[in-house]
Every structure is written in C-alpha cells, then in structure tokens.
Amino acid sequence: MLALSACCAPVLANEADGPREAAQQREAVIEQAMSAIGLPYRYGGNSLTDFDCSGLTQWAFQAADVSLPRSLSEILKTGTPVSAEAAEPGDLLIYEWGSRKRSRLHVTILAAPGWVIHASPKYRKVSLTDVDRPVWRRRLVGAIRLIPSA
C-alpha cells in the first residue's frame, strides 16, 4: 500500500455543523461528479469542457465548498488516510496504473460501495466504473477522507 500522509487539511465549509452537514457535503460531491459523466477526458482538463482525474476531483469537491489543490500529488497530502474497507461514498480511492517503470496514480471518487466516478484516460471520458473486479482491486493503493465521516 502507498503511504498517504495527511499534512494539510482541505478547507471545509461549516465543518462544525456536524454529521448532517458532512452527509450533505458528501452527497453534493457525488451529485456534482455524476453530472459530469460522459464529458471528455483530457490531460490537464478541469472544466465542463473536459477533465482529467484530479481536475474532476477538484471541481466535484467545490460543490461542497471544499477547496482542493489542482494536482494529484498535492491532493494526496490533504485529508485523512483511511483503509479501503472503511472508505465511504465521497472518499477518494487512489489507484496505480502502468508498469513498474512507468506507473502513474489515478484518483477516483467513491460513489457507492464498489463504484467510482473518475475521468478515465482509457475510456476518454468521465465514467461510473465498477471497481469490485480483480483488475481494479489489485491496483488500489489507498483511500483518503476529505469530509468527516457522517
């Protein structure tokens, strides 16, 4: 497993409002990301014309008033690492793709158990994907919680 550190907290809106606010924030993130399904993938994309994985994540979390850095390397420094088994809808799941010499990380948003929303370079669009399959399970390297557990 990749060691994911939590050095910088994301900016949460009304964090003191408790579990109800957290649940609403998580729902807003998922709804925002779902609204982008079918939009094209483009490396460096971060708008409604096209997205890459970190651009989609940053944009989706804006719906919950959560300010994230633009790059995946910086997103990995935010929030709280959690086990994949403890991940909840609205958490980020991080995958590693490619060979050992040329691997790259890919960030996704957990929509429901076993399902993620992500800007897929393979399918060239924002997709809802079943990750409860061996090809995805073996590439999972970590999970990050940006919004407190509801």
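**Exercise 1. Find how E6 and E7 are connected, and which turn residue has a positive phi.**

E6 and E7 make a hairpin with four residues between them, and arginine 124 in that turn has a positive phi of about 60 degrees. Strands here are DSSP runs of E, at least two residues long, and helices are runs of H or I, at least four long, both numbered from the N terminus. Next, the pairing: E6 and E7 run antiparallel over six bridges. Two strands count as paired if DSSP finds at least two bridges between them. One of the facing pairs is tryptophan 115 with its bridge partner in E7, aspartate 130.

A word on the ground rules: this is a predicted model, where local features need pLDDT of at least 70, side-chain atom pairs count only at pLDDT 80 or more, and totals for chains, interfaces and linings use all residues. Residues are numbered from 1 along each chain as its sequence is written, and side-chain values use heavy atoms, with hydrogens and water left out.

**Exercise 2. Step back one strand and describe how E5 meets E6.**

Start at the turn: E5 and E6 also form a hairpin, with two residues between them, and glycine 114 there has a positive phi of about 85 degrees. Then count bridges: three of them hold E5 and E6 in the antiparallel sense. Alanine 112 sits opposite tryptophan 115 in E6. Finally, check burial: five of the six residues of E6 are buried, so the strand is largely enclosed by the rest of the structure. Buried means under 20% relative accessible area, exposed over 50%, and partly exposed in between (1.4 Å probe, protein chains only).

**Exercise 3. Lay out the whole sheet and pick its edges.**

Six strands build an open, antiparallel sheet in the order E3-E8-E4-E5-E6-E7. Strand E3 (80–82) and strand E7 (125–130) are the edges: each has a single partner strand, so one side of each lacks a neighbour in the sheet. On average, neighbouring strands are turned by 35 degrees against each other, direction ignored. At the E3 edge, three bridges tie E3 antiparallel to strand E8 (residues 140–145), and valine 82 faces alanine 143 in E8.

**Exercise 4. Place the helices H1 and H2 on the strands.**

Helix H1 (residues 19–34) lies across E5, E6, E7 and E8, at about 115 degrees to E5. Helix H2 (residues 53–62) lies across E4, E5, E6 and E7, at about 35 degrees to E5. These angles run from 0 to 180 degrees between N-to-C directions, with axes fitted to C-alpha atoms, for helices over the stretch in contact; contact means heavy atoms within 4.5 Å.

Now look at the residues of H1. The buried ones include Ala22, Arg26, Val29 and Ala33. Their cover includes H2, E5, E6, E7 and E8. Glutamate 27, also in H1, is partly exposed, at 48% relative accessible area. Glutamate 27 and glycine 90 are 63 residues apart in sequence but 7.2 Å apart in space, C-alpha to C-alpha.

**Exercise 5. Work out which elements supply the lining of the largest pocket.**

H2, helix H3 (72–75), E5, E6 and helix H4 (134–137) each give at least two residues to the lining. E5 has the largest share, with three.
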